[in-house]
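Me: I would like to learn how to read the surroundings of a ligand and the helix beside it. Could you take me through one case step by step?

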Amino acid sequence: RPLIGVLALQGDVREHAAALEAGGADVITVRRQRELAEVDGLVLPGGESTTISRLLETFDLLDPLRARLAAGMPAYGSCAGLILLAEKALDARPDQHQLGALDVIVRRNAFGRQVDSFEEDLLVSGIDDGPVHAVFIRAPWVESCGPTVEVLARVPDTPAAGAAAGRIVAVRQGNVLATSFHPELTGDARVHRLFVDVVRGDRVRGRTTDS
Ligand code: GLN
């Protein structure tokens, strides 16, 4: 089983850990550089991107995390995690750090400040056995993507979706996966399993190149 870290500075760390274990991974929480150095992949949970960005600095993790991402470590970001992984965030505080692991521009709190949460069934490419029930909580969306970014899901055109219809809410670029929504909250481990498979594929490739 691959060893996957959950960045444990803020957010629903336990729920992510449980979903990753259900998806076939061993899990540790990551708050220190030596923990970050050990993992085959990392989940960045939701929370508040400004706060997580500050805590990354406080815990001396910002540069080590950037370095591991630049070296190709698989990562999965949910909500605030998506915002942090992005190259650029609109409506973010000017001092917020971007990890730059995903060639996308995201918009924070994109569904509207008054819309605290919103739920919708989404078709996610790579998850072929039925829609994923997506819970959005003060969520960002992906405003635009670079050419090597694969769009995995968009908000469907339903009355509840309103002006959000068609917006990009799940993406993948190589080993980096991100969703606007929180799959860890619904007891459905399929998105986490998808990430575990990405991490496994990365390890196999790594072994092949090493030998
Ligand atoms: N609105 C939060 C932010 O901008 C993200 C919300 C979440 O992660 N659920 O960081």
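Reply: Let us begin with the character of the shell, keeping in mind that this is a predicted model. The residues of the shell around the ligand divide into four nonpolar, four polar and three charged.

Me: Which residues surround the ligand?

Reply: The shell is made up of G46, G47, E48, S49, C79, A80, I83, R108, N109, I137 and R138.

Me: At which positions does UniProt place the feature "binding site"?

Reply: The unreviewed UniProt entry places that feature at G47, E48, S49, R108, I137 and R138. These positions are spread over 92 residues of sequence, yet they cluster in space, the largest C-alpha distance being 12.8 Å.

Me: How should I judge whether G47, E48 and S49 are buried or exposed?

Reply: The general idea is to count the other C-beta atoms within 10 Å of a residue's own, where 20 or more make it buried, 12 or fewer make it exposed, and a count in between makes it partly exposed. G47 has 21 such neighbours and is therefore buried, whereas E48 has 16 and is therefore partly exposed. S49 has 29 C-beta neighbours inside 10 Å, so it counts as buried.

Me: Where do G47, E48 and S49 lie, and what do they touch?

Reply: G47 lies in the loop between β3 (41–44) and α3, and E48 also has its place in the loop between β3 and α3, while S49 lies in helix α3 itself. Leaving aside residues up to four places away in sequence, G47 touches Q10, G11, I52 and A80, and E48 touches Q10 and A80. With that exclusion also applied, S49 touches A80, I83, L84, A92, Q96 and R108.

Me: Which residues of helix α3 are buried, and how are they arranged around the axis?

Reply: In α3, which covers residues 49–58, the buried residues are S49, I52, S53 and L56. They are on the same side of α3 because they cover an arc of only 105° around the axis. The face turned away from that buried side carries the exposed residues E57 and T58.

Me: Against what do the buried residues of α3 pack?

Reply: The buried residues of α3 pack against two helices, α4 (62–70) and α5 (80–85).

Me: What backbone feature should I look for just after α3?

Reply: Look at D60, which follows just after α3 and takes a positive phi of about 55°.

Methods. Residues are numbered from 1 along each chain as its sequence is written. This is a predicted model: local features need pLDDT of at least 70, side-chain atom pairs count only at pLDDT 80 or more; totals for chains, interfaces and linings use all residues. A residue is near a molecule or strand if its C-beta atom, placed from the backbone, lies within 6 Å of it. Ala, Val, Leu, Ile, Met, Phe, Trp, Tyr, Cys and Pro count as nonpolar, Asp, Glu, Lys and Arg as charged, and the others, Gly among them, as polar. Helices (H or I, at least four residues) and strands (E, at least two) are DSSP runs, numbered from the N terminus. The arc is that of the directions from the helix axis to the C-beta atoms. Two residues are in contact if their C-beta atoms, placed from the backbone, lie within 7 Å. UniProt positions are given in the numbering used here, feature names are shortened, and annotations may be inferred rather than shown by experiment.
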